[in-house]
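Here are my notes on this model, set out as numbered points. Please read them alongside the sequence and the coordinates.

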Amino acid sequence: ISDLSCPLGPHTWQSILRSAHTAVAAADAVLAGDDVAYALCRPSGHHAHRDRAGGFCYINNSAIATQRLRAQHGRVAVFDVDAHHGDGTQNIFYARGDVLTVSTHADPSGYYPFYTGYAHERGVGEGEGFNLNLPLAHGTGNSEFLAAVDRGVAAVRNFAPGALVLPLGFDTYKDDPISVLKLDLDAYRALGERIGALKLPTVVVQEGGYMVEAIGPALDQFVQGFLSTR
């Protein structure tokens with residue numbers, strides 16, 4: 001394991017497996033023709049590597065959905081907008097040119113996962129140039145976040161994938177107990193508009209979010225923004 005935040009109990013594996021199945025079901029719905037599907041995954045997944053758990057994540061739901069979509073699409077993009085860098089997702093696809101990984105997240109120099117998520121990490125081998133990290137200064141609000149999202153959207157457009165996976169974290173919210181970013185609900189509507197405007201078959205995978213009462217309103221704003229452009 002990467003750290004000590006992934007305890008195991010008698011029913012843990014059942015939850016892990018059902019969370020992964022939820023991501024598979026969302027990907028399959030999109031492969032069957034749905035425009036968008038939302039995988040309400042718990043536990044989260046984007047810190048899980050091929051061979052180890054970490055950061056409350058046991059199996060990488062977003063990576064599983066991405067690989068599922070690759071069965072039909074030659075290229076798939078992953079655009080992670082959690083407060084934390086999706087280090088597991090980056091690691092899984094880091095040497096591949098068929099999957100673009102983009103991540104907006106709080107500067108990891110003083111924030112989990114600490115050792116990855118920096119702008120100079122661009123991929124290796126066939127994957128060189130297909131990993132884009134957009135770290136944000138702690139305290140970042142809506143405008144700076146959306147400027148980074150615009151850079152990520154541009155990279156996705158340039159990559160021209162057949163489908164998109166969006167690991168969506170709401171731990172970017174200003175009142176989340178472990179966030180160092182300061183987004184309000186308007187940011188999620190604007191995010192939804194930008195993602196929806198890509199006009200790609202999209203699998204949304206739930207990642208972080210630890211102020212439970214804010215997740216519903218934030219998701220509602222994202223969905224309204226997304227659907228307004230479809």
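1. The model is a predicted one, and the points below should be read with that in mind. I begin with a pair of helices, in which α4 passes α5 in a right-handed crossing. On the α4 side the contact is made by Asn-142, Phe-145, Leu-146, Val-149, Asp-150 and Val-153, while α5 contributes Asp-186, Ala-187, Ala-190, Leu-191 and Arg-194. By character, the residues of this contact comprise seven nonpolar, one polar and three charged.

2. As for the geometry of this pair, helix α4 covers residues 142–159 and helix α5 covers residues 185–196, and the two pack at an angle of about 15° with their axes 10 Å apart. Because angles under 35 degrees count as roughly parallel, α4 and α5 are therefore roughly parallel to each other.

3. A separate point concerns Ser-44, which is placed in the loop between β1 (36–39) and α2 (61–69). Its relative accessibility is 8%, so Ser-44 counts as buried, the cut-off for that term being under 20% relative accessible area.

4. The side chain of Ser-44 has polar partners that deserve a look: it makes a polar contact with the side chain of Arg-42 at 3.2 Å, and a polar atom of the Ser-44 side chain lies 3.0 Å from the backbone oxygen of Glu-207.

5. Leaving aside residues up to four places away in sequence, Ser-44 touches Phe-56, Cys-57, Tyr-58, Ile-59 and Asn-61, and also Gln-206, Glu-207 and Gly-208. Glu-207 thus appears both in this list and through its backbone oxygen in the previous point.

Note on methods. Residues are numbered from 1 along each chain as its sequence is written. This is a predicted model: local features need pLDDT of at least 70, side-chain atom pairs count only at pLDDT 80 or more; totals for chains, interfaces and linings use all residues. Side-chain values use heavy atoms; hydrogens and water are left out. Axes are lines fitted to C-alpha atoms, for helices over the stretch in contact, and angles run from 0 to 180 degrees between N-to-C directions. Helices (H or I, at least four residues) and strands (E, at least two) are DSSP runs, numbered from the N terminus. Angles under 35 degrees count as roughly parallel, over 145 as roughly antiparallel, 65 to 115 as roughly perpendicular and the rest as oblique. A crossing is left-handed if the near helix is turned anticlockwise from the far one by less than a right angle, and right-handed if clockwise. Contact means heavy atoms within 4.5 Å. Ala, Val, Leu, Ile, Met, Phe, Trp, Tyr, Cys and Pro count as nonpolar, Asp, Glu, Lys and Arg as charged, and the others, Gly among them, as polar. Buried means under 20% relative accessible area, exposed over 50%, partly exposed in between (1.4 Å probe, protein chains only). A polar contact is a pair of N or O atoms within 3.5 Å; within protein, one must be able to donate a hydrogen and the other to accept it, and residues adjacent in sequence count only if both atoms are side-chain atoms.
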